[in-house]
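Please read the following account with the sequence and the model side by side, moving from the backbone framework to the side chains.

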Amino acid sequence: MTISKPDALVFDMDGTLWDAVDTYTFCWNKAFEEVGYSTVLEREELLRLMGIPIDEIMQKITPGMSIEERKKFVSRVHEVESRELPVRGGRLFDGVKSGIEKLSRRYKLFLLSNCEKGQLQVFAEYAGIAKWLSGTISFGDTSLQKGENMRLLQQRFQLKNPVYIGDTEGDAIQTRLAGWPFVFVRYGFGSTDNFDLAFGSFAELTDYFMNLS
């Protein structure tokens with residue numbers, strides 16, 4: 001399937017541009033340790049929950065915590081991540097940095113994720129791509145779901161034909177709610193058949209959009 005040439009490419013972060021699950025797992029376990037909670041997460045447990053807001057992750061991982069305990073724990077997770085994420089970072093998927101640089105010559109590029117406030121900026125600096133981005137928006141900025149943030153981003157930057165690029169069924173559903181085309185990356189964390197275009201690597205994606213007329 002083809003799509004008309006977009007005026008903006010809007011990227012998910014986790015599972016689309018990098019894999020930082022090992023760092024997230026370390027941070028969550030450090031936070032559990034610091035608050036005296038006995039839970040120990042494995043990478044695969046957190047990997048299955050990637051892409052959803054932290055409040056929903058908490059409900060699944062710590063069903064026995066009170067609302068107040070969860071608030072305190074989430075604050076501790078943020079504290080640990082603010083220390084560790086800029087240092088430990090994650091693994092950029094092959095071709096991301098060079099691809100983003102190329103794509104920025106033809107499109108406005110944005111990051112849109114369900115992550116917490118400030119994480120997109122940390123990622124962009126760690127990955128060395130901040131100078132090629134036109135903007136970012138996250139759940140942590142607005143407390144809105146992805147579909148709502150897509151509409152907000154479109155209005156804020158007066159985008160005419162944006163597309164969203166992600167790696168999960170949730171990404172696909174939220175993109176449809178926003179009325180945008182959805183581009184799926186098969187190498188990510190999730191799976192879906194609900195897409196307009198799909199690519200097996202970031203290099204393939206870059207080549208397609210660089211040659212789209």
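What follows is a walk through a predicted model, beginning with its sheet and ending with its cysteines.

The sheet is open and consists of 6 strands, which pair in parallel and follow the order E5-E4-E1-E6-E7-E8. Strand E5, residues 135–138, and strand E8, residues 197–199, stand at the edges with a single partner strand each, so one side of each is left without a neighbour in the sheet. On average, and with direction ignored, neighbouring strands of this sheet are turned by 25° against each other.

The pairing at the E5 edge can be followed residue by residue. Strand E4, which covers residues 108–113, pairs with E5 in the parallel sense over 4 bridges; Leu111 has Thr136 in E5 as its bridge partner, and Ser113 stands opposite Ser138 of E5. Between these two strands the chain passes through helix H6, residues 119–127, and the resulting β-α-β crossover from E4 to E5 is right-handed.

Two further helices can be placed against the strands. Helix H8, made of residues 146–157, lies across strand E1 (8–11), E4, E5 and strand E6 (162–166), and runs at about 150° to E4. Helix H10, made of residues 202–210, lies across E1, E6, strand E7 (182–185) and E8, and runs at about 135° to E8.

With this framework in place, attention can turn to the charged side chains. How many salt bridges does a search of the whole structure find? The search returns 12, and one of the pairs involves helix H8, since introduced, through Lys146. The side chain of Lys146 meets that of Asp12 in a salt bridge with an N to O distance of 3.1 Å. This pair links distant parts of the chain, with Lys146 in helix H8 and Asp12 in the loop between E1 and strand E2 (18–19), 134 residues apart. Both Lys146 and Asp12 are buried.

A second salt bridge joins the side chains of Arg76 and Glu34, at 3.2 Å from N to O. Here Arg76 belongs to helix H4 (residues 67–88) and Glu34 to helix H1 (residues 21–35), and the two are 42 residues apart. Arg76 counts as partly exposed because its relative accessibility is 25%, and Glu34, at 32% relative accessibility, likewise counts as partly exposed. These two residues also take part in a network of salt bridges that links Glu34, Arg76, Glu79 and Arg83.

A third pair is formed by Arg176 and Asp196, whose side chains meet in a salt bridge of 2.7 Å, N to O. Arg176 lies in helix H9 (residues 169–178) and Asp196 in the loop between E7 and E8, so the pair ties together parts that are 20 residues apart in sequence. Arg176 is partly exposed, with a relative accessible area of 31%, whereas Asp196 is buried, with a relative accessible area of 14%.

The cysteines complete the picture. How many disulfides are found when the whole structure is searched? The result is 0. Cys27 is in no disulfide, and the nearest cysteine sulfur to its own, that of Cys115, is 13 Å away, where the criterion would require sulfur atoms within 2.5 Å. Cys115 is likewise in no disulfide, its nearest cysteine sulfur being that of Cys27. Cys27 counts as buried because its relative accessibility is 0%, and Cys115 also counts as buried, at 6% relative accessibility.

Terms used. Residues numbered from 1 in each chain as written. Predicted model: local features only at pLDDT ≥ 70, side-chain atom pairs only at ≥ 80, totals over all residues. Heavy atoms only, no water. Pairing = 2+ DSSP bridges. Axes fitted to C-alpha atoms, helices over the stretch in contact; angles between N-to-C directions. Contact = heavy atoms within 4.5 Å. Right-handed = clockwise from strand over helix to strand, strands pointing away. Buried < 20%, exposed > 50% of the residue type's maximum accessible area, 1.4 Å probe, protein only. Salt bridge = Lys/Arg side-chain N within 4 Å of Asp/Glu carboxyl O.
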